[in-house]
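Dear colleague,

Please find below the structure that I am handing over to you. I would be grateful if you could look through it before reading the notes that accompany it.

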Amino acid sequence: MMSETATEKRTTTVPVLDVRGVKKVYAGSGRSVEAVRDLTFEVSSGELVCIVGPSGAGKTTLLRCIAGLLEPTEGEVVLEGETVTGPPSDMAVVFQEYGRSLFPWMTVQQNVELPLKARRTPRGERDARVADALDAVGLSDVTHAHPWQLSGGMQQRVAIARAVAYGPKVLMMDEPFAAVDAQTRADLEDLVRSIWKRLGVTVLFVTHDIDESVYLGERVLVLSSSPTVILEDVAIDLPDERTQLETRSSPRFSELRSEVYELVQRAKRGERPRSEDSSAGSSPEDTGA
Ligand code: ADP
């Protein structure tokens with residue numbers, strides 16, 4: 001039986017993240033770059049949303065604006081009703097470079113509990129959260145190991161556990177599996193879905209991998225080329241229970257994959273969404289890609 005679609009879910013749940021008309025112009029010496037033109041979308045509580053777009057589309061810029069690391073030139077990011085003006089305490093980010101995000105002289109346990117210590121979480125609660133998070137990522141038996149004793153995939157699991165232990169409302173992941181081999185990547189994708197289900201956390205997952213976005217997401221936001229707008233918001237109506245073998249070989253997966261692939265190709269060609277054709281000050285040729 002087909003599960004509830006992303007669109008249906010969105011109408012019944014509360015928006016946790018509201019990105020309103022975000023524009024970012026990088027001002028350089030004598031030259032300014034309009035990286036992001038107008039990004040507007042909502043993410044409901046508990047959704048898993050993927051963002052795809054060609055290289056240079058502004059994925060990193062958007063992520064930094066959402067994470068409060070970069071101030072939008074116009075527009076705003078609203079997290080749970082509050083405008084983001086700095087790194088929000090309810091958000092955790094997992095980056096691609098796990099090697100640089102873990103401290104090599106600390107054990108797995110110490111790495112995972114670090115943000116909780118910084119937040120002065122009491123010892124008992126800290127221990128419980130770290131144990132739960134390490135259990136969720138399947139690393140309960142290596143708590144006393146150091147990161148350099150673990151494989152790349154296991155190190156990224158530690159980084160995910162650290163984000164999870166923090167108990168964020170929104171978990172953002174920036175190309176987190178780009179540096180691991182294909183088999184490990186598949187395992188980590190399944191891990192993201194299992195954590196998402198287990199914890200009910202809202203996930204925003206940035207990737208350039210089309211198959212990955214369709215396999216993981218309930219929605220896929222396809223970005224245009226820079227200056228960036230949203231080209232399309234695709235609802236992924238695949239069954240909720242997904243497995244690498246069955247889901248990826250299903251006809252619906254192929255259709256959705258083709259749809260997103262075609263959209264990304266259109267983005268690469270510099271195509272703009274139809275709504276922009278009539279807006280003042282921009283023309284279909286004016287893509288600056
Ligand atoms: P993506 O992550 O999708 O590859 P980015 O957000 O890194 O895209 O970049 C979007 C656009 O903004 C690109 O044209 C890039 O050259 C430009 N850009 C990114 N960072 C800066 C910066 N600090 N100064 C000037 N231009 C930048």
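The notes below deal with the ligand site and then with the sheet.

Please keep in mind that this is a predicted model.

The ligand is surrounded by Tyr 26, Ala 35, Pro 54, Ser 55, Gly 56, Ala 57, Gly 58, Lys 59, Thr 60 and Thr 61. By character, this shell comprises four nonpolar residues, five polar ones and one charged residue. Helix 2 (residues 59-66) supplies the largest share of the shell, namely three residues. Backbone atoms take part in the contacts with the ligand's oxygen atoms: a polar backbone atom of Ala 57 is 3.1 Å from a ligand oxygen, a backbone N or O atom of Gly 58 lies 2.9 Å from one, and a polar backbone atom of Lys 59 is 2.9 Å from one. On its own the ligand exposes 560 Å², of which the protein buries 59%.

Turning to the sheet, ten strands form an open arrangement with mixed pairing, in the order 5-4-1-2-10-9-3-8-7-6. Strand 5 (82-83) and strand 6 (91-94) stand at the edges with a single partner strand each, so one side of each has no neighbour in the sheet. Within the sheet, strand 7 (residues 170-174) pairs with strand 8 (residues 202-206) in the parallel sense over five bridges, and Met 173 stands opposite Phe 205 of strand 8. Helix 10 (residues 251-268) packs on the sheet, where it touches strand 3 (48-52), strand 9 (219-223) and strand 10 (228-235). The direction of helix 10 makes about 170° with that of strand 10.

With kind regards

Methods:
Residues are numbered from 1 along each chain as its sequence is written. This is a predicted model: local features need pLDDT of at least 70, side-chain atom pairs count only at pLDDT 80 or more; totals for chains, interfaces and linings use all residues. Side-chain values use heavy atoms; hydrogens and water are left out. A residue is near a molecule or strand if one of its heavy atoms lies within 4 Å of it. A polar contact is a pair of N or O atoms within 3.5 Å; within protein, one must be able to donate a hydrogen and the other to accept it, and residues adjacent in sequence count only if both atoms are side-chain atoms. Accessible areas come from the Shrake-Rupley method with a 1.4 Å probe; for residues, only the protein chains shown count as cover. Helices (H or I, at least four residues) and strands (E, at least two) are DSSP runs, numbered from the N terminus. Ala, Val, Leu, Ile, Met, Phe, Trp, Tyr, Cys and Pro count as nonpolar, Asp, Glu, Lys and Arg as charged, and the others, Gly among them, as polar. Two strands pair if DSSP finds at least two bridges between them. Contact means heavy atoms within 4.5 Å. Axes are lines fitted to C-alpha atoms, for helices over the stretch in contact, and angles run from 0 to 180 degrees between N-to-C directions.
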